[in-house]
Amino acid sequence: MDITEWNNDEIMRLVMAKGHITQKILLKGLENQTGQIIPQSTFSCKIRRNALKLEEFQNICKLLGYSVNIERISEGQI
């Protein structure tokens, strides 16, 4: 699935829907995995502002059993 043009909100809605998981459960799992406590309001604001860090997204993917792949679709033009 190509999510290149998606924002944080669209990506997180897809991942959570496919994992049948709520933000509250996701944040509890992240706390258990990383030891970091993220308030739900802070997390929601980060998603809305499109400010989710790559490391945070990687941890979410790892927790839910997803991998992040980068695939070349054409020769880059600079």
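Leaving aside neighbours within four places in sequence, with which residues is Asn-8 in contact? In this predicted model, the residues that Asn-8 contacts beyond that sequence window are Lys-46, Ile-47, Asn-50, Ala-51 and Leu-52. Asn-8 itself belongs to helix α1, and it counts as buried because its relative accessibility is 14%, where the limit for burial is under 20%. One of the listed partners, Leu-52, is also involved through its backbone, in that the backbone nitrogen of Leu-52 lies 2.7 Å from a polar atom of the Asn-8 side chain.

Helix α1, which spans residues 8–18, is further paired with helix α4, which spans residues 54–64. The axes of these two helices come within 11 Å and cross at roughly 15 degrees; since angles under 35 degrees count as roughly parallel, α1 is therefore described as roughly parallel to α4. The handedness of the crossing between α1 and α4 is left-handed. On the α1 side the contact is made by Ile-11, Met-12 and Val-15, and these residues meet Phe-57, Ile-60 and Leu-64 on the α4 side. Sorted by class, the contact of α1 with α4 comprises 6 nonpolar residues, with no polar and no charged residues.

A second helix pair is formed by α2, covering residues 23–34, and α3, covering residues 40–48, whose axes come within 10 Å and cross at roughly 105 degrees. This angle falls in the range of 65 to 115 degrees, so that α2 is classed as roughly perpendicular to α3. From α2, the residues Gln-23, Lys-24, Leu-26 and Leu-27 take part, and they meet Gln-40, Phe-43, Ser-44 and Ile-47 of α3. By class, the contact of α2 with α3 divides into 4 nonpolar, 3 polar and 1 charged residues. Ile-47, which is named in this contact on the α3 side, is also among the residues contacted by Asn-8.

The loop between α2 and α3 contains Ile-37. With a relative accessible area of 63%, Ile-37 is classed as exposed, because the threshold for that class is over 50%. With respect to Glu-56, Ile-37 is separated by 19 residues in sequence, and the distance between the two in space is 12 Å, taken from C-alpha to C-alpha.

Terms used
Residues are numbered from 1 along each chain as its sequence is written. This is a predicted model: local features need pLDDT of at least 70, side-chain atom pairs count only at pLDDT 80 or more; totals for chains, interfaces and linings use all residues. Side-chain values use heavy atoms; hydrogens and water are left out. Axes are lines fitted to C-alpha atoms, for helices over the stretch in contact, and angles run from 0 to 180 degrees between N-to-C directions. Helices (H or I, at least four residues) and strands (E, at least two) are DSSP runs, numbered from the N terminus. Angles under 35 degrees count as roughly parallel, over 145 as roughly antiparallel, 65 to 115 as roughly perpendicular and the rest as oblique. A crossing is left-handed if the near helix is turned anticlockwise from the far one by less than a right angle, and right-handed if clockwise. Contact means heavy atoms within 4.5 Å. Ala, Val, Leu, Ile, Met, Phe, Trp, Tyr, Cys and Pro count as nonpolar, Asp, Glu, Lys and Arg as charged, and the others, Gly among them, as polar. Buried means under 20% relative accessible area, exposed over 50%, partly exposed in between (1.4 Å probe, protein chains only). A polar contact is a pair of N or O atoms within 3.5 Å; within protein, one must be able to donate a hydrogen and the other to accept it, and residues adjacent in sequence count only if both atoms are side-chain atoms.
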